[in-house]
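Let's take a walk through a protein together. Have a look at the sequence and the 3D view, and then we'll go piece by piece.

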Amino acid sequence: PAYQKSVEILATYAQEHHKPVMIPFLQSVPNVKTNPYLLKFNASEEIQTHALMEYLDSLRESTNIVLVDAYANKMDYPQDIRILRDSIKARQLSVTHTTIRQILSDSVSLALKDSVENILLFHSDRYSNVQLLMPYLLSGKRGKQLTVLSQYVWQNEHILLPQIFTSVFGTPEGEMFTRYEQDYAQYFGHKLSSTQPRYDLLGYDLTRYMLLALRGGTFRAMDMTYEGVQSSIRFVKIDNGGYENTHIVIQRR
């Protein structure tokens with residue numbers, strides 16, 4: 001099931017008939033906390049934030065987080081951006097502040113530090129809200145190292161700065177990449193045009209996982225790990241409910 005309404009219907013069926021249901025796209029599934037037959041693939045915002053914070057914490061001596069102050073009231077920020085801001089503050093990572101006005105006036109360099117990687121956290125997770133700022137960031141960084149704290153869905157945008165983002169996908173390497181190329185060409189009739197993982201093969205990994213887990217016609221709860229072509233799975237039990245994938249990778253581009 002791909003949408004909330006269909007998840008609600010299948011969740012009831014799954015619990016009545018003891019059938020596992022894989023939920024590939026939804027990030028928030030309330031039923032998963034009470035229904036042991038639901039398996040949520042897309043990791044929660046909390047899991048992604050924790051993974052990102054662990055990564056940034058490991059770089060604390062060589063980074064400076066640059067927050068774009070766009071609202072007078074912190075509560076006006078989108079929830080996921082507020083979570084990131086609060087997590088950065090709780091970990092006491094090095095932080096400076098800039099504003100949209102400073103960026104547009106080419107004075108963003110005032111918030112940047114020398115000899116460290118300055119990681120910019122935007123005020124929005126929508127690229128359309130920050131796209132206008134990109135040329136000014138390029139011209140205003142004055143030779144200092146500037147990296148964008150990005151979103152996975154921004155990967156097709158023309159961003160000329162290095163990016164860091166979280167993903168449930170990993171870029172295949174070695175024999176895994178060869179297999180990825182072959183499978184892609186077989187399924188879509190043309191060669192792979194990008195090394196970036198695509199949602200197209202998500203169904204391939206999820207189907208293989210379900211076939212491995214449904215041995216003998218019965219779902220085996222101990223089979224919670226799968227190494228995929230582009231999407232690995234680490235399912236963790238949620239108290240009295242179902243399972244959530246906790247596999248998150250931090251990627252740079």
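How many bridges join strand 2 to strand 10, and do these strands run parallel or antiparallel? Strand 2 and strand 10 (residues 243–245) are joined by 2 bridges, and they run parallel. If you want to find the spot, look for leucine 39, whose bridge partner in strand 10 is tyrosine 243. Keep in mind as you look that this is a predicted model.

That pair belongs to something wider. An open sheet of 5 strands runs in the order 1-2-10-9-8, and its pairing is mixed. At the edges you'll find strand 1 and strand 8 (225–226), each of which pairs on one side only. As a bit of background, strands of a sheet pair through backbone hydrogen bonds, and they can do so either parallel or antiparallel.

Now for helix 1, which covers residues 4–17. Here's a little check you can follow: at 1.5 Å a residue, its 14 residues should span 20 Å, and the C-alpha atoms at its ends are indeed 20 Å apart, so the two agree. Val7, Ala11 and Ala14 of this helix are buried. Those three cover an arc of only 70° around the axis, which means that they sit on the same side of helix 1. Turn to the other side of the helix and you meet Lys5, Ile9 and Glu16, which are exposed. What do the buried residues of helix 1 pack against? Their partners are strand 1 (21–23) and strand 2 (38–40), and strand 2 is where we started. Right after helix 1 comes histidine 18, which has a positive phi, near 55°.

Time for the other sheet. This open sheet is formed by 6 strands in the order 4-3-5-6-7-11, again with mixed pairing. Strand 4 (95–99) and strand 11 (249–252) stand at its edges with a single partner strand each, so one side of each has no neighbour in the sheet. On average, neighbouring strands here are turned by 30° against each other, direction ignored.

Zoom in on strand 11 and its partner strand 7 (residues 163–167): they run antiparallel and are joined by 4 bridges. In this pair, threonine 166 stands opposite isoleucine 250 of strand 11.

Finally, which helix packs on this sheet? Helix 3 (residues 79–90) does, touching strand 3 (63–69), strand 4, strand 5 (117–121) and strand 6 (146–149). The direction of helix 3 makes about 140° with that of strand 3.

How values were computed
Residues are numbered from 1 along each chain as its sequence is written. This is a predicted model: local features need pLDDT of at least 70, side-chain atom pairs count only at pLDDT 80 or more; totals for chains, interfaces and linings use all residues. Side-chain values use heavy atoms; hydrogens and water are left out. The expected span of a helix is 1.5 Å times one less than its number of residues. Buried means under 20% relative accessible area, exposed over 50%, partly exposed in between (1.4 Å probe, protein chains only). The arc is that of the directions from the helix axis to the C-beta atoms. Contact means heavy atoms within 4.5 Å. Two strands pair if DSSP finds at least two bridges between them. Axes are lines fitted to C-alpha atoms, for helices over the stretch in contact, and angles run from 0 to 180 degrees between N-to-C directions.
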